[in-house]
Structures are given as C-alpha cells and as structure tokens.
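Colleague: I am new to reading structures that hold more than one chain, and I would like to learn how to go through one with you. Could we take it feature by feature?

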Amino acid sequence: MPEIEVCKNNELADGAVRIVRVRNLEVAVIRHGGKYFAYHNYCPHQGGPACEGVRMPQVVDRLDADGRFLGQGYDESDMHIVCPWHGYEFHLSDGVNVSDRRLRLKKFQVVERDGGVYVAI
Amino acid sequence: MKTNGSEGAQFRDVSLDTYDTTAALAHAAEQAAARHYEDFLIVDIDSHHYETESFAEITEYVTDPVLRHDALFQGLARPGIGVGNGSYQELGGRIVRYRGRRKEKVPPVPHRDITLMRRWMDAMGTDIACMFPTPMLNLSLSPNLNVQTGLAWAYNSWLCERILAEEPRIKSMLYLPFHDPEACVKTVEHFAGKPGVIGFMVTSTHYRNVNDNGYLKTYAMLQERGLPLAFHSATGSEPGLRLFNRFFGVHALGFCWHNMLHLTNWLISGLPERYPGLKTIWIESGLAWVPFLMQRLDSEYMMRSSEVPLLKRKPSEYIREMYFSSQPMEMVDNREALELTFKMINAETQLLYASDFPHWDMDLPSTIYDLPFLSEQAKRNILGGNAQRLFNLETIVPEHKLARRAAAAKRGASAGGHEAHV
C-alpha cells in the first residue's frame, strides 16, 4: 500500500485531526495521547464526516455496592470518536461502534519513521 | 488545503473554531451528485431555523407595545441545563453544528436565514424546503396566552415578509395559536394565500382537544382553501414524560406521544368524515408509531364501534389517507419492519420526505433513496412528488442542479446518461 506522509513528528498538536484525501477517499489522522490513529472519515450511519467532530470519553453511570445511582463520570481510558452529524460514537482504539460492534470505521495503519508520520492508504 | 504532489493527496486540518454549513455537509453533496438528485425534484417538508437569531426583527411585528418591549428585553427562549423539559438535543456538544452555526459567516444579503437554508439545501440536493421555527414550537406551553398569540402573529408576519417573499425555495406552514380558536381563524384569513404559505401548523404539545367546536371554522376554512393542517411534534412538559430522567426517553416517546394523542382524537371525533377534504400531516414522530396506532385503533374499533358512530370505516383506512413526514426514520436492524410500515401507510403516495435539518436527528435524502424495496418512481414520489402534489408546488430547479444536468447532457446521452424528470 502506498504510504503518504501526513506530517512531521510533533507537527500535529495533541487532539488535532488532519484529513488526507486521495481521489474519493478521506482518511482522518488523529493525534491523541501522543499516539496517532487513522480512520476512514465516513460514518456507516448516513455518511457523515465521522472524524471531524469531537472526541469524548466513555460516560459511566456510577453505582454503589447496592446498585444505587451515585452520579456520572468519564472513563478517559476509552475515548470515542463522535460523528458530528448524529452523534454515532466509535472507540478511538479500534474504530468499532460503541453501540453495535458490527459497525466500524475502517482503520488505516500509521507509521512513524525518520521524523515523519505516514499513513498507508 | 495543501497538496502532496507525489500522490495527489490533499490535506486539511479540522478546526472547530470556525463553522461552515457547506463544508460540514460536503459528504451530503457528494451523495447528491452520486445519486443524480439533479434529475428530479426534492422537497423537504420539515426543516428549521433558529428564530432566536432574528428575534429583534420579529419583535418589530409585535403589535402589543407592552409585549414588544418585554420580548425585546427578555428574548424568546432561555436555554440551559435546568430547563423543565430536560432538553439535551446537542448531546453536550457532540453535535457540533449547534454551537458552530453561531460562528458561521454570511454575506450582508440576502437574509441570514435564507443564506443558511440555501447552503444546506444545496448540499443535500433539496430544491424546496418547508421551514419551521425551533424554540417557538414550545410557545404553546407559555402560560401567558397574550404572549402566545402576540408572538405567533409577529413571527408569521415577519416570516412572510422577510423570508418567504424573498426566497421561493423556502415555504412554510404557519404556526396557529391553537389555544385561541378565534386567533386561528384570523391567522388563516390573513395569511392564507401569501407567497410561500403552503398550509398551517399546530405544535402538538398543547392541551386543547382538536374536536373543540371552536376549531371547526378553522378546519372549514382550510378545507375550502385546499390547505393542509400539520401537527408538528415538540418537547413538551407532559406530566408523564417527567418520569424520564434523561432526554433519551422524553424524545423517544414524547415526540410520538402528542401526535398519537391528537391523531386518535381526530379519528374518534369523526373529523375525517366531517372534513373529508382537509388533509392532515403528522410531522417529526418517525414512522414506527403508525402501524402500532393502525392496529391498536382497529382493534378498539371492532369492539367499541358504538363509541365512534361518525366513523364509516376502520381507523386504519383513514390513517392510510393521511400524510406523514419520514423523519426521524427508524432504521436500525429493522428492514422488514420498515418495508411493512411503508406498505401499511401507503408510503408511495402518502409519505413526505423530511430532513429536520439542522436538528440532531436529521435525515438525508439517502434515507429514502437508498431503500432497496422502493421503485425509482416511489423514491421520487416520497422525495418530492407527493409534496408537490399535496401543496401544489411549482417546480424549481436551482442553478447548481441545472449545471449538473447540462454537464451530463454534454457527456452525451449516447454514453448511457440518465433521464431527468421535472
């Protein structure tokens, strides 16, 4: 697969998203927590630009030992890509939809090499 | 946008600091081109703007000087996490266009609302859109009845003069102050026939019975003029819905509940027999509720026909003659149910495509166009033909669609180009 240089290392700030378009294919390269993730920027729901919205952590309903509701919190270890059109959420780690594992964003491999960041498309 | 010459790759960095509707809907435009929406009319019968953005202008049309002063001082709606109906459409910022549109830049002319409407309509391939307000959908819940009537009149006046008269692609079904039957009559008398007015609308979250004798003159006037009556869902303060502690439930059930209530009352009051020429449209409740209601009411009818002597046919037969907007279409793991629903409601002639843009659960035309169980003619009916017939709409083809048709024609019918229908 051809590799396309997306940026120099540390060029993208943490949280930044760069869209790479080759012909009709858009791939979003996301920098988060010092790592890079790359996904097809096309939501399986209605075709929205899935990676052009916000990233949010998984929301957790906190319960005590008796099952009583204590409030809500965030699980920062499970960040979600949130499609801006309708709010479909996908795990940042693997692109799988949070609500239906049969749906996913296609993942692309990112390679850091010689001071550059490359995505294999 | 940068280009890497070696692969022809193009790059752009995502920023939420600015917002542009055309850019945000770029994928919708690609879908429209790929499906050749330029070949036929698309009418969106339910879309919205945020009249809060034009509220100062709207108050100029308030005739009551005290109301005008108070409205200008206080504004129209107060958002916030503490609102009584638990409204949470934006999902805490996950739907970025809610906040983003405030930053969207528009040219000085035409009116901002017209520019924003054209941007999303052109992206989606929509030719004509029916535009409704947003916060004013809850006006029916204001305890101050003078506010309801006064603001309804002002909004309708502003809408007709500043928007509908300026842009033929934008239509509306005007808000009826349903708490005041006489005001409804005056509204129809004054506004029916104005450019762009294709019907009248009642926000379903209200607590007046549709069979109240006070409304009969309004129904007769609408029937006489051939203008439909729409019932549009909204977030209300229904006591039962207060048992939900998340908006998830308020929306899932609440947006169906009020239309279910009023449609049922419409039937058991015999209104389809009393006003057989008055067409009703039920908006923004999705479709899954309709087969339920058809079955449930038919079952009641067979056992309780003595309670509804005005009905000459089963409830489902009347329902099949009503009109429904498609959004938010329930499409998760339910292909067979959806196909059956379309059959039950006679979708080919009675279903009207709606986006509800810019709201969070908007539907693109592809929600209809990509359904495998519809014929091409059925798709075009639902996407625009049914609305054109119902509202007696002119055919409008925007310039970008004309340009695509011309480009296709230039590529040559000999290459097997598709056929455009007007």
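Modeller: What follows is a walk through one chain, one of its sheets and its contact with a partner chain, and please keep in mind that this is a predicted model.

Colleague: Which kinds of element does chain A have, and in what order do they run?

Modeller: A first look goes to the helices and strands: chain A has zero helices and ten strands, so that, read from the N terminus on, the elements run β-β-β-β-β-β-β-β-β-β. The C-alpha atoms of chain A fill a box of roughly 55 × 30 × 20 Å along the principal axes.

Colleague: What share of the residues in chain A is buried?

Modeller: A residue counts as buried if 20 or more other C-beta atoms lie within 10 Å of its own, and by that count 36% of the 121 residues in chain A are buried. One can also ask how far apart in the sequence the partners of a contact are, and among the contacts in chain A with a separation of 6 or more, 44% join residues 24 or more positions apart.

Colleague: How are the strands β5, β6 and β7 of chain A arranged?

Modeller: To read a sheet, one follows the order of its strands and the sense of their pairing; here three strands of chain A form an open sheet in the order β5-β6-β7, with antiparallel pairing. Neighbouring strands of this sheet are turned by 50° against each other on average, direction ignored.

Colleague: Why is one side of β5 and of β7 in chain A left without a neighbour in the sheet?

Modeller: β5 (55–63) and β7 (89–91) of chain A stand at the edges and have a single partner strand each, so one side of each is left without a neighbour in the sheet. β5(A) pairs with β6 of chain A, residues 69–82, in the antiparallel sense over nine bridges, and within β6(A) it is A:Asp75 that stands opposite A:Gln58.

Colleague: How many residues of each chain are in contact across the interface?

Modeller: The size of an interface is often given as the accessible area lost when the parts come together. Here we count residues instead: 22 residues of chain B are in contact with 23 residues of chain A. On the chain B side, β2 (9–13), α2 (26–34) and α16 (366–369) each supply at least two residues, and the largest share, five residues, comes from β2(B). By kind, the residues on this side divide into eight nonpolar, eight polar and six charged.

Colleague: Which strand of chain A pairs with β2(B)?

Modeller: Strand β2 of chain A, residues 17–22, pairs with β2(B) in the antiparallel sense over four bridges, and A:Ile19 stands opposite B:Arg12 in β2(B).

Key
Residues are numbered from 1 along each chain as its sequence is written. Chains are lettered from A and ligands numbered from 1 in the order in which they are written. This is a predicted model: local features need pLDDT of at least 70, side-chain atom pairs count only at pLDDT 80 or more; totals for chains, interfaces and linings use all residues. Two residues are in contact if their C-beta atoms, placed from the backbone, lie within 7 Å. Ala, Val, Leu, Ile, Met, Phe, Trp, Tyr, Cys and Pro count as nonpolar, Asp, Glu, Lys and Arg as charged, and the others, Gly among them, as polar. Two strands pair if DSSP finds at least two bridges between them. Axes are lines fitted to C-alpha atoms, for helices over the stretch in contact, and angles run from 0 to 180 degrees between N-to-C directions. A residue is buried if 20 or more other C-beta atoms lie within 10 Å of its own, exposed if 12 or fewer, and partly exposed in between; C-beta atoms are placed from the backbone.
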